[in-house]
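Student: I have a model open on my screen and would like a close look at one of its strands and what surrounds that strand. Could you walk me through it, and then show me how the rest of the chain compares as background?

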Amino acid sequence: MKRSRVLAVLVGGVFIVAVMSLNRMLELMQGAGLKQRGETPAGQDLSHLQQKIDRLEHLLSDNNRLVATLRDSLLQRKAPWETGARANVSSDSAHGQTDRLPGCRLADEPKDGHANDANLVVYVVVVYQLLDVYDLLPFDNPDGGAWKQGFEIRYQGNEWDEQPLELFLVPHSHNDPGWLKTFDSYYQDQTKHILNNMLIKLSEDSRRKMIWAEISFFSKWWNDIDDQKREIVKRLLRAGQLELVTGGWVMADEANSHYFALLDQLIEGHQWIQRHLGVKPSSGWAVDPFGHSPSMTYLLKGAGLRDMVIQRVHYAVKKHFAKQQTLEFLWRQSWDSSSRSDITCHMMPFYSYDVPHTCGPNPAICCQFDFHRLPGGRVSCPWRIPPQPITEQNVQERALLLLDQYRQKSRLFHSPVLLVSLGDDFRFVESSEWDAQFSNYQKLFDYFDQHPELHVKARFGTLSDYFKALRRRLTAAGTTLPTLRGDFFTYSDRDDHYWSGYFTSRPFYKRLDRTLEATLRATEILFSLTTAEMRRYRGDGHLVADFPAHQHFQRLTTGRRSLALFQHHDGVTGTARDPVVVDYGTRLFHSILNLRQVLQSSAHWLLLLDKSQYHYDQSKPFLKMVTPDPITSFKMILCSLFLSLIIFNPTEQLRTSVISIVVDSPDARVVDAQTGQPMTAQISAVWEEPTLASAEDFQVKNELVQSIKIFPLSGLVKMGIFYASLSGCPLGGATIIKNAFRLITSAQFSGLVRQVQVQFLWYGTTRNRDKSGAYLFLPGEEGAQLYSSSEPPLVRVSRGPVFSDITSCFRHFTHRVRLYHLEGHAGKSLEISNMVDIRSEVNRELAMRIVSNVASGNRFYSDLNSFQMQQRRTLAKLPLQAHFYPMTSASFLQDETSRVSLLSAQSQAVASLRPGELEVILDRRLQQDDNLGLGQGITDNKLTASLYQLLLEDRRGGAQEVGGASVQHLSLLAHLTSLSLCHPPITMVATSDSQLPKLRPFLPLQSSLPCDVHLLNLRTLEDTQEAGSPSQEVALLLHRKGFDCSSAPEPPLQCSWSAHEEVDTLIYLLYVFLYY
């Protein structure tokens, strides 16, 4: 009954991506719906419309025949890469038709109602697959002349006679919230001056405009200015002179960031904008992230954005798109068979977003129109031809020189509407730059206006101005943009310089990022449930007086913003200077500590049988957090005679989990606090050194591990621990351990399906002048070298009723493989953990390789932001470093009969350089800068843990196809395993004494949600009347995951899924008021 009610709520919910102006969501969605349907405006010429309809009717029969032919060829054709053993073929085998999971639809099943219905009017839409573009490109990089990475652009001069060139010059300042300086230092030294000058200079002339992206800076500045200046900001926004673009807290990295964090920073920014400014961003601006992901475009589209601009795309891909005039396209999700996820995307064609590389193909000329570089200033043009102030004497020569660049750039696009950005990193700090740029360009624009024979209309503009004009021109011409599927990784800006190093750089902080993410999500859920339960308990909509709701909400807000700030494309990427990285890490760490206070206080109130006994005392919390996480190093030594353990399951699934705590005696016993029945537990040593377990009297640290079934969502359950005579499990024995599903022999194991081996490798760096650094991975010509040690490793073997493992201790890492003897999905995978320490090395990178006999060919799959899977192809024409891709949480190899999945708790670089192999880079230590602006190497390495689950599965069927391309998902089992890996149970302890009040479990869900539905977040919103306080409004975010059709685990999963609905990757957002 509970589940029926939950599903009923889901079906009736409001489906969008991001929380935006929730109290006005329905009105906004209705307005967006009108735009999407393109309703005819009043006064349309009906006769003109009738003529178009008549012409369409004449073409209908020809279109239907063409569509039928295309559809038949798509369904029958084989992929061009299909060879030999048919590795990775997306086929529908006979046994797959009968054994596949319910709820899956394969290639031969019609989707979205587009069956072979002759009465349907179907339009042919050209959809490009970026993977196919990679197959076509030679990647030869010839010298293109002035445009080094491009080609010579020619025009006749009369191309704009009928349709004049319409140019929008978009001023901007790219402000990194941390890179060479910390966030606060950048704000004090530069950003606040930029924004202060913006108010003055835009107000001086209504023709001047500017865009701004980073809300983290904007909100900090807003807090510093008075009401009069705030009114000026609102006036500039209303007038269209200032536009907030994207609206995220930061310009987020799109490779390492998890989609939870991407969405959360977007929500944080949009909520701030709505609350303080009452506007909604419509265009995205991502000019500096090092590669681009379609996951981000999906979130932006769901948040109400229609358009976006990107910049950092492989130079060969840019060149190809420029030749085809497809630099503007509709970016579609790979798994979407419709246009509902499309977003209009503009790709900048040249090397950078700075002024020399934006006006046209010749940077030496464009630099002459960056008036911040006028002679006498602090910066100059590297081409040694300085800009000139525009005067009556030189305006004609200067205007025609600039117009030539504009015209050349315009020939790379389909329409005569041209976007040119004016800015760079931290521009417009000084008022003199505002004057120089705006006054000189206005003189040029005035000259264009005075000479209509030039057929150009140029003005300052915003992104909204540009895309509005673009749509107007496309509609008038009766043309549409092409459609593209795929992602833009791995980025290269020149030669063999592939930016695949930052996928792993600073792995300690990448792991800390995910720790905060999991802690924040758990805290959000528990805090929202606590405040709702309090209101129900009181019956008047108010919270309990002693509960510090305001302070806790401030801690939540700080945690949200710390996580959001770190998603900056120089934060989670590991590409900032050492002091900045320390500043990021301090924010993350303190947020984790503060969020744990919220967790403890919320759990305290929920667990009390008598709520009147609740009392908040920060100095003496009723519950204490217990975590064995090696990153945060919080280990509680338990020394009371009786302890009550409180376990919180932050997932929406009933799960069997292993809980690990530290006790000060080997004689400990675990019982169910409700029944008094003993629970399965295992004692194992805590090793201080590879060969030394602590053995001092009363200070013996033994790890107590017990398995427990925990109810979904927020099941706070209680266990008791007391001391009794219970001997620990012996160490030693054979090096073979097994459970019902897998068998391990040292570093090699075989399952029911395949054989897998684990290897470790070293990568060095090239001997050339340019070497590996924070951004770049430039390995030596010798490639990977197998790890070798002068001494054999020390090997420890543990066996017990809960788990068995093998630990191998090498000089640079400790490698452990562990099997859990558990029911459910927890016992069907192999846990791999590595503790890495390469602080003694020079210019080396440590990698782990998984070797199998899966016939995967030259293809493998890695995830994009833990949101979707993307096929990767290993191509001989590309260098080794080009084949490493971002892995946020998953990667897999497969053939027709089996799949090997590597699920990760942290983001890292992944590759498959040979069939059947997966490589992940564990850590990097590099002594030099890679000449991309950072000015230092990466030598701040720390002892760093990495954690994985390795999953082997049989396959019984083929993949889904959308638009002729194979679309792969993780299996349901892999989804659940990854969920457990990334969101472990949270353990708290209450010590026993005479004053211990009675506790009761808190179980809001008696059964799991469908196993393809993930509770992404339960986010309390800010009160609109009382700033900084929680409201009664809560955003419930649910993610319905696509899952692989070809794998059905045995025994079956103990959860249900949607068996009669199309399985697409969607995010549902339901606007919920919790009144009790």
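Tutor: Happy to; here is a walk that starts with confidence, settles on one strand, and then moves outward.

Please keep in mind that this is a predicted model. The protein chain has a mean pLDDT of 83, with 78% of its residues at 70 or more. Over residues 105-123, though, the pLDDT is below 50, and that stretch has 42 contacts in the model beyond near neighbours in sequence. Residues 1060-1076 also stay under 50, and here the model has 79 contacts beyond four places in sequence.

Now to the strand I would pick, strand 38, which covers residues 898-904. Is it buried or exposed? Seven of its seven residues are buried, so strand 38 is largely enclosed by the rest of the structure. You can follow this on both faces: Ser898, Val900, Leu902 and Ser904 lie on one side, Arg899, Ser901 and Leu903 lie on the other, and all are buried. Buried here means under 20% relative accessible area, a cut-off that Arg899 meets along with the others.

Which strands pair with it? Strand 37 (residues 890-894) runs antiparallel to strand 38, and five bridges join the two. The link between them is a hairpin through three residues. Strand 41 (residues 944-954) is another antiparallel partner, joined to strand 38 by seven bridges. Val900 is a handy residue to click on: Leu893 stands opposite Val900, and Leu952 in strand 41 stands opposite Val900 as well. As a reminder, strands of a sheet pair through backbone hydrogen bonds, either parallel or antiparallel.

For a parallel example, go to strand 5 (283-286) and strand 6 (residues 307-310), which pair in the parallel sense over four bridges. There, Ser283 has Asp307 in strand 6 as its bridge partner. These strands belong to an open sheet of six, in the order 1-11-7-8-6-5, with mixed pairing. Strand 1 (127-129) and strand 5 stand at the edges with a single partner strand each, so one side of each is left without a neighbour in the sheet. On average, neighbouring strands of this sheet are turned by 30 degrees against each other, direction ignored.

Helices offer some covered elements too. Helix 16 (residues 507-538) reaches 47 Å from its first C-alpha to its last, close to the 46 Å expected at 1.5 Å a residue. Of its 32 residues, 29 are buried, so helix 16 is largely enclosed by the rest of the structure. Just after helix 16 comes Gly539, with a positive phi of about 85 degrees. In helix 9 (residues 259-276), 16 of the 18 residues are buried, and Gly278, just after that helix, takes a positive phi of about 70 degrees.

Finally, look at the packing. The largest nonpolar core has 219 residues, and Phe218, Val233, Tyr406, Tyr441, Phe448 and Phe488 touch the most other members. Helix 18 (residues 578-607) gives the most to this core, with twelve residues. Beyond its neighbours within four places in sequence, Phe218 has contacts that include Leu195, Trp212, Val233 and Trp272. For contrast, try Pro452, in the loop between helix 14 (431-450) and strand 10 (456-460). Pro452 counts as exposed because its relative accessibility is 59%.

Key:
Residues numbered from 1 in each chain as written. Predicted model: local features only at pLDDT ≥ 70, side-chain atom pairs only at ≥ 80, totals over all residues. Heavy atoms only, no water. pLDDT = per-residue confidence, 0-100. Contact = heavy atoms within 4.5 Å. Buried < 20%, exposed > 50% of the residue type's maximum accessible area, 1.4 Å probe, protein only. Core = buried A, V, L, I, M, F, W, Y, C linked by side-chain atoms within 4.5 Å. Pairing = 2+ DSSP bridges. Axes fitted to C-alpha atoms, helices over the stretch in contact; angles between N-to-C directions. Expected span 1.5 Å × (residues − 1).
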